[in-house]
Amino acid sequence: MPVLRYIGLIASLLCFDHALAAVEPCDELAQMPPGEVIPGCRTQPCAPWYPMSAIRERREGRVALMVAVDTEGNATSVSVTTSSGSFDLDQAAARNVERYAFPVYFPPGSESPRCYRAPFPINFELHGAVKH
């Protein structure tokens, strides 16, 4: 019986690998397509936008992200491409951007939306007084 389970596992992995090969890659864009990016929470509770530890320590920074967006404008993956130098600012940027609604991308001459990957920078700035 263990041999049959092993063969079944290999067969399912081969089918899974074949299914992945059939998926078209997303378009790589130099910038976000035209349209509104709507910050917000798709799930509750929302993570705080600016980490409290960074506010207390008065840390600021810029995080460069690469966002993969599906055909409905949902972020499917977010990765840090350039760190702010602060782990918690980087993580807060990625967590919050995962909840944004992004523009749907239609390639030129197409009526069908396409998934895409595009850079998305986030700036953390305290602007003077900090409220706790």
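Where is Pro25 found? Pro25 is found in the loop between H1 and E1. The model shown in these views is predicted.

**View 1. Pro25 and its surroundings in the loop between H1 and E1.** Pro25 has a relative accessibility of 64% and counts as exposed. Its C-alpha atom is separated by 8.1 Å from that of Cys115, although the two residues are 90 residues apart along the chain. Cys115 takes part in the disulfide of the next view.

**View 2. The disulfide between Cys26 and Cys115.** The count of disulfides comes to one. A disulfide is a covalent bond between the sulfur atoms of two cysteines. Here the S to S distance is 2.0 Å. The torsion about the S-S bond of Cys26 and Cys115 is about -105°, so the disulfide is left-handed. The pair links distant parts of the chain, 89 residues apart. Cys26 lies in the loop between helix H1 (2-22) and strand E1 (27-28), and Cys115 lies in the loop between helix H3 (87-97) and strand E4 (116-124). Cys26 is partly exposed, at a relative accessible area of 30%, whereas Cys115 is buried at 16%.

**View 3. Ser84 in the loop between strand E3 (75-82) and H3.** The side chain of Ser84 makes a polar contact of 2.8 Å with the side chain of Asp90. A polar atom of the Ser84 side chain also lies 3.1 Å from the backbone nitrogen of Ser86. Leaving aside residues up to four places away in sequence, Ser84 touches Gly61, Arg62, Val63, Leu89 and Asp90. Asp90 is thus named both as a touching residue and as the partner in the side-chain polar contact.

**View 4. The hairpin of E2 and E3.** Strand E2 (residues 61-69) and E3 pair in the antiparallel sense, over six bridges. Ala68 has Ser77 in E3 as its bridge partner. Five residues lie between the two strands of the hairpin. Gly73, in the turn, has a positive phi of about 90°.

**View 5. The largest nonpolar core, with 25 residues.** Val67, Val97 and Phe102 are the residues with the most contacts inside this core. Helix H2 (52-56), E2, E3, H3 and E4 are the elements that give two or more residues to the core. In soluble globular proteins, nonpolar side chains tend to be buried together. Not counting residues up to four places away in sequence, Val67 touches a set of residues including Met32, Ala75, Val78, Val97, Phe102 and Phe120. Ser77, Tyr116, Arg117 and Ala118 are also among the residues that Val67 touches.

**View 6. Aromatic pairs and one aromatic cluster.** The structure holds seven aromatic pairs. The ring centres of Tyr50 and Phe124 are 5.1 Å apart and the planes are at 80°, so the pair is edge-to-face. This pair links distant parts of the chain, with Tyr50 in the loop between E1 and H2 and Phe124 in strand E4, 74 residues apart. Both Tyr50 and Phe124 are buried. For Tyr100 and Phe102, the ring centres are 6.1 Å apart and the planes are at 40°, so the pair is tilted. Tyr100 counts as buried at 8% relative accessibility, and Phe102 is buried with a relative accessible area of 5%. One aromatic cluster is formed by Trp49, Tyr50, Tyr100, Phe102, Phe120 and Phe124.

Technical notes:
Residues are numbered from 1 along each chain as its sequence is written. This is a predicted model: local features need pLDDT of at least 70, side-chain atom pairs count only at pLDDT 80 or more; totals for chains, interfaces and linings use all residues. Side-chain values use heavy atoms; hydrogens and water are left out. A disulfide is a pair of cysteine sulfur atoms within 2.5 Å. Helices (H or I, at least four residues) and strands (E, at least two) are DSSP runs, numbered from the N terminus. Buried means under 20% relative accessible area, exposed over 50%, partly exposed in between (1.4 Å probe, protein chains only). A polar contact is a pair of N or O atoms within 3.5 Å; within protein, one must be able to donate a hydrogen and the other to accept it, and residues adjacent in sequence count only if both atoms are side-chain atoms. Contact means heavy atoms within 4.5 Å. Two strands pair if DSSP finds at least two bridges between them. A nonpolar core is a set of buried Ala, Val, Leu, Ile, Met, Phe, Trp, Tyr and Cys residues joined through side-chain atoms within 4.5 Å. Rings of Phe, Tyr and Trp (its six-membered ring) pair if their centres lie within 6.5 Å; planes under 30 degrees apart count as stacked, over 60 as edge-to-face and the rest as tilted.
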